[in-house]
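Subject: Structure handover

Hello,

Here is the structure you were expecting, with notes on what turned up in it. Please read them with the model open beside you.

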Amino acid sequence: MRRATRNLLVTCAALLLSAAAARSQTILIRNATVMTVTKGTIQNGSVLVQDGKIAAIGKTVNAPADATVVDATGKFLTPGLIDCHSHTAVEGSVNEGTVSDSSMVDIKDVLDPADINIYRALAGGLTVSNVLHGSANAIGGQTVVIKLRWGKTAKEMPFEGATPGIKFALGENPKRQGYPTQNFFNQGPAPDRRYPGTRLGVEEVIRQSFTEAKIYQAEWKAYNEKVARGEHPIPPRKNLRLEPLVEVLAGKRYVHAHCYRSDEILMLIRVADEMGFKIRTFQHVLEGYKVAKEIAAHGAGASTFSDWWSYKIEAYDASPYNAAIMTKKGVVVSLNSDSDELQRHLNLEAAKTMRYGGLSENEALAMVTINPAKQLGIDDKVGSIEVGKSADLVLFDKHPLSGFSKAQKVWIDGHEYFDREKDIETRQEFERKKKVLQDKEAAAAPQGRHKDEAPDPETSK
């Protein structure tokens with residue numbers, strides 16, 4: 001009952017916001033400090049939004065008489081923030097950890113549009129997330145890029161035209177599955193081991209899977225050539241595990257690889273070169289500063305933490321200067337959250353690179369806007385304020401790299417999905433509705449039993 005109450009409240013809030021967002025408007029945001037990221041900063045600038053796109057930018061912008069005007073005097077307008085590593089909006093576990101190669105599973109199939117963390121992320125200015133499978137497997141599941149369209153259905157959340165991805169993982173997380181332990185926290189018989197249990201085993205899982213994928217790719221190529229010649233061959237058996245890996249080989253699916261140690265980063269680059277594919281991003285990549293030149297030469301991006309370290313052995317050699325060093329070595333770097341909480345203030349994570357590494361304001365802001373957009377192949381649509389791009393915008397009350405800043409309004413595709421003032425105004429009404437539901441729940445509970453207690457299975461038959 002408590003879960004039903006919570007879900008009902010979340011649904012009501014989402015429907016109200018969805019209804020507001022569904023109204024397509026022409027919007028003029030005027031007198032803001034417009035931080036375009038790619039085209040400089042415009043003081044007292046204006047941005048015109050039409051049909052979900054940015055239609056005009058400048059100090060003087062004319063708008064139709066029926067345009068909704070937002071007075072942004074004293075405020076800062078930025079592109080919507082982008083998180084290149086998220087697990088938000090996933091229903092249930094993010095890991096299919098029973099096999100070493102789970103490339104057949106797809107995060108898109110378990111998107112939860114009612115996850116309240118979507119709305120909380122919006123309140124921090126986040127508009128796009130790269131939702132990843134977990135890191136229990138050398139080759140994990142398929143990934144999906146979403147827009148945080150709170151109130152929409154799961155089918156309406158994926159970013160249209162974004163290249164799909166797949167999660168890889170190196171090091172402790174995938175190999176620890178090979179040595180499940182029996183201890184105080186895991187009573188009963190020890191679970192069966194799962195290959196691999198070592199770092200070299202992780203490498204071999206990836207190599208073996210791509211060896212199989214190349215054979216599978218060749219079989220389908222031969223089949224299609226015979227069909228083109230007018231023959232009628234029997235098609236190869238479809239393999240759902242190898243299909244995504246063939247897409248990787250063809251450059252149609254991005255590899256996002258969880259990693260920490262520099263030696264393993266180099267290992268995966270060598271395997272990728274051997275098998276003929278590219279790593280799109282190294283995720284976490286806390287020792288990336290040691291091999292930044294090699295990462296840049298491969299053409300991979302790096303999506304890292306601002307200053308996380310020492311939370312496990314692999315993270316001991318981390319440095320808060322990591323992002324800045326890799327940037328200066330030519331790597332496209334983004335800062336990610338990997339956290340429902342951290343995603344709510346990615347702008348402040350970006351600000352840390354100015355302290356640790358001396359990056360400029362624009363370079364720092366790029367790490368949560370245009371850089372992750374480049375890594376996800378969507379920089380032609382989002383990541384900066386430019387004419388023709390989607391109107392994914394955030395209005396901050398103070399400089400977005402200030403610890404005192406708060407997102408006031410957030411637009412996605414020109415639709416308003418968050419308004420701080422409206423949020424505050426509706427809280428009292430939501431509390432009233434919540435109390436009504438809680439009172440009904442309490443009244444329905446059997447006498448003598450607390451509402452939070454589970455019913456007795458014998459007496460409830």
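Helices (H or I, at least four residues) and strands (E, at least two) are DSSP runs here, numbered from the N terminus. On that basis the protein has 12 helices and 16 strands. The model is predicted, and local features need pLDDT of at least 70, side-chain atom pairs count only at pLDDT 80 or more, and totals for chains, interfaces and linings use all residues. Residues are numbered from 1 along each chain as its sequence is written, and side-chain values use heavy atoms, with hydrogens and water left out.

Two more terms are needed for the overall picture. Buried means under 20% relative accessible area, exposed over 50%, and partly exposed in between (1.4 Å probe, protein chains only). Contact means heavy atoms within 4.5 Å. Of the 461 residues in the protein, 50% are buried. Among contacts between residues at least 6 apart in sequence, 69% join residues at least 24 apart.

Strands β9 and β10

Two strands pair if DSSP finds at least two bridges between them. Strand β9 (residues 165-169) pairs with β8 (residues 139-147) in the antiparallel sense, over three bridges. Its other pairing described here is with β10 (residues 254-259), which runs parallel to β9 and is joined to it by five bridges. Gly165 appears in both pairings: Thr143 is its bridge partner, and Tyr254 in β10 stands opposite it. Further along, Ile166 has Val255 of β10 as its bridge partner. β10 in turn pairs with β11 in the parallel sense over four bridges, and there Ala257 is partnered by Phe282.

In a regular strand the side chains alternate between the two faces of the sheet. How many of the residues of β9 are buried? Five of five are: Gly165, Lys167 and Ala169 on one side, and Ile166 and Phe168 on the other. In β10 six of six residues are buried, with Tyr254, His256 and His258 on one side and Val255, Ala257 and Cys259 on the other. Both faces are therefore covered in β9 and in β10.

Helix α6

Helix α6 covers residues 262-275. Its 14 residues should span 20 Å at 1.5 Å a residue (the expected span is 1.5 Å times one less than the number of residues). The end C-alpha atoms are 20 Å apart, which agrees. The buried residues of α6 are Ser262, Glu264, Ile265, Met267, Leu268, Ile269, Val271, Ala272 and Met275. What covers them includes β9, β10, β11 (281-284), α4 (199-228), α5 (243-249) and α7 (292-298). After α6 comes Gly276, with a positive phi near 90 degrees. Gly276 is 26 residues from Ala250 in sequence, and their C-alpha atoms are 9.1 Å apart in space. Ala250 lies in the loop between α5 and β10 and is partly exposed, with a relative accessible area of 45%.

A pocket

Rolling a probe the size of a water molecule over the atoms shows where empty space is left. A pocket, on a 1 Å grid over the protein atoms alone, is an open set of points where a 1.4 Å probe fits, with protein on both sides within 12 Å along at least five of seven lines; lining residues have an atom within 4 Å of a point. The second largest pocket holds about 220 Å³ of space, a volume being the space filled by probe spheres set on the points, which are joined across faces, edges and corners. Of its 18 lining residues, Asn95, Gly134, Ser135, Ala136 and Asn173 are closest to the centre.

Individual residues

- The peptide bond from Tyr195 to Pro196 is cis, with omega near 5 degrees; Pro196 sits in the loop between α3 (172-176) and α4.
- Asn31, in strand β1 (residues 27-35), has a positive phi near 65 degrees although it is not glycine. Asn31 is partly exposed, at 31% relative accessible area.
- Val37, in the loop between β1 and β2 (41-50), also has a positive phi, near 80 degrees. Val37 is buried, at 6%.
- Asp397, in the loop between β14 (393-396) and β15 (407-412), counts as buried because its relative accessibility is 17%. Beyond its neighbours within four places in sequence, Asp397 is in contact with Gly74, Lys75, Phe404, Ser405, Lys406 and Gln408.

Regards
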